[in-house]
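Visitor: I would like to go through this structure with you and ask what stands behind each label. Could we start as soon as it is on screen?

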Amino acid sequence: ADPTRRDLGPAALGRTVKKLFSYYPVLAPVTFVCILFSSIVSSVPSLFTQNIIQIIEKWYVSRDWAAAKAEIVPYLTLLVVLYALSILSMTVYTQLMAYMTQGFLHKLRCEMFGGMQKLPIRYFDSHQHGDIMSRYTNDTDTLRQAISQSFPQMFSSAVSALAALVSMLWLSVPVTIFVLAFTVILFVVVRKVVSRSGRYFVKQQIAIGDVNAFVEEAVNGQKVIKVFNHEDATQTTFDKKNEELFEASAEANTWGNVTMPIVGNMGYLLYILLAIFGGFAAISGLGNFGLSGAGQLTLGTLVSLLTLSRSFVNPLGQVSMQFNMVMMALAGASRIFALMDEQPEDDGGSVT
């Protein structure tokens, strides 16, 4: 099975997550519930900001700060409790992820090795030994970083963005529509970049296995190379394979690393546009409606919407930070599953 022809996206990702849940049917759901809770709490402060600003505006003229304090303290107390629970849930899921990540790699390597023992001799005759070993080392190592950080970060970012979206709809439907329209443009730009870097990350993982395989065989056959004066030809072949690895890695990381700056700067552009047009609407007393009801666009609502717009766009930037590791992990997972999907010998023989 050629990893370049496998579905690098949903298939490899879905199969990896399915493996994780099959290895840890109890701990994995608990971990993701903790991530879900801490992500939802991250959008709460924006709603509290709106309520607190409205309280300050309410008592600003009379200067009755004692009455204002009586209304503000319950909000602050609830916010402290939520943050404390969020910190606890983050501590739990980081510890569980550290345990599950190492256990996942251990179980996966055992499953790979058990399946490899049943493969026919022709598989090992048609595949370089260094390339096979690379799947146990380089490819599984890419999964370590992805499972422990990248996948939880992506899930957390998706939940945070969804919570921010619901909060924006609660405050203002027109502003939410404007943010979504801008996000569509952002997705189009990011998709162009992602499609380019994804191809090169696949080539990079294949090139790593190819270089490892060539070096391993060259070292084992060093005596034969010297006897037949094949040093120059071996050096030429290595230089070619090493150059292919360099080009694939350079292109993959070049396109992967520009994603975050693009998302970040477009997020700042959205913030500026909302501040300009939202400020004009608030000063002009234009009408506003959301899931909470209709009314005017107040200063407190605008401040909350500005914060929520950042909470909605920032997760895209956080995903782009993890994008390099995710693409390398999916490329490595494709190669691992290609080995695991090889058909064993029909006669029950094994490699010893």
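Guide: Happily! Let us begin in helix H6 (residues 129–136), which holds both Asp131 and Arg135, 4 residues apart, or about one turn of the helix. Please keep in mind that this is a predicted model.

Visitor: What makes Asp131 and Arg135 a salt bridge?

Guide: The N to O distance between their side chains is 3.1 Å. The cut-off is a Lys or Arg side-chain nitrogen within 4 Å of an Asp or Glu carboxyl oxygen, so the pair qualifies.

Visitor: Are Asp131 and Arg135 buried or exposed?

Guide: Both Asp131 and Arg135 are buried. That label is given under 20% relative accessible area.

Visitor: Which residues form a salt bridge with the closest N and O atoms 3.0 Å apart?

Guide: Those are Asp210 and Lys241. Asp210 belongs to helix H8 (residues 173–220) and Lys241 to helix H10, so this contact ties together parts 31 residues apart in sequence.

Visitor: Why is Lys241 called buried, and why is Asp210 called partly exposed?

Guide: The boundary is 20% relative accessible area. Lys241 has 18%, which is under it, so Lys241 counts as buried. Asp210 has 21%, which is over that boundary but not over 50%, so Asp210 is partly exposed.

Visitor: Which residues are joined into one network by salt bridges that share partners?

Guide: Asp131, Arg135, Asp139 and Arg335 are joined in that way.

Visitor: How many salt bridges does the structure hold?

Guide: There are 7 salt bridges in the structure. One of them is between Asp341 and Arg15, at 2.7 Å from N to O.

Visitor: What makes Asp341 and Arg15 a link between distant parts of the chain?

Guide: They are 326 residues apart: Asp341 sits in the segment after helix H12 (299–340), while Arg15 sits in helix H1 (residues 10–23). Asp341 has a relative accessible area of 33% and Arg15 has 29%. Both values fall between 20% and 50%, so each residue is partly exposed.

Visitor: Let us turn to the surface. Which residues form the negative surface patch?

Guide: The negative patch is made by Asp239, Glu243, Glu244, Glu247 and Glu251. Asp239 lies in helix H10 (residues 231–257).

Visitor: How do you know that Asp239 is accessible enough for a patch?

Guide: A patch residue needs over 30% relative accessible area. Asp239 has 38%, so it passes, and it counts as partly exposed.

Visitor: And which residues make up the positive surface patch?

Guide: Arg191, Lys192, Arg196, Arg199 and Lys203 form the positive patch. Lys203 is in helix H8, and its relative accessible area of 48% makes it partly exposed, because the exposed label needs over 50%.

Visitor: What makes up the nonpolar surface patch?

Guide: Phe37, Val81, Leu85, Leu88 and Val92 make a nonpolar patch of about 390 Å². Helix H4 (residues 65–116) gives the largest share, 4 residues, and Phe37 comes from helix H2 (residues 27–41).

Visitor: What is notable about the phi of Asn229?

Guide: Asn229 has a positive phi of about 50° although it is not a glycine. The residue is placed in the loop between helix H9 (222–227) and H10.

Visitor: Why is Asn229 called exposed?

Guide: Its relative accessibility is 62%, and the label needs over 50%, so Asn229 counts as exposed.

Visitor: How do you know that strands S1 and S2 pair?

Guide: S1 (residues 287–290) and S2 (residues 293–296) share 4 bridges in the antiparallel sense. Pairing asks for at least two bridges, so they meet the criterion. The two strands form a hairpin with 2 residues between them, and Asn288 stands opposite Gly295 in S2.

Visitor: Which side chains of S1 point to the buried face?

Guide: Asn288 and Gly290 point to one face and are buried, whereas Gly287 and Phe289 point to the other and are not. Side chains in a regular strand alternate between the two faces of the sheet.

Terms used:
Residues numbered from 1 in each chain as written. Predicted model: local features only at pLDDT ≥ 70, side-chain atom pairs only at ≥ 80, totals over all residues. Heavy atoms only, no water. Buried < 20%, exposed > 50% of the residue type's maximum accessible area, 1.4 Å probe, protein only. Patch = residues over 30% accessible without salt bridge, like charges linked within 9 Å, V, L, I, M, F, W, Y side chains within 5 Å. Areas by Shrake-Rupley, 256 points an atom, 1.4 Å probe, with all protein chains shown as cover. Lys, Arg positive; Asp, Glu negative; His and termini not counted. Charge placed at Lys NZ, Arg CZ, Asp CG, Glu CD.
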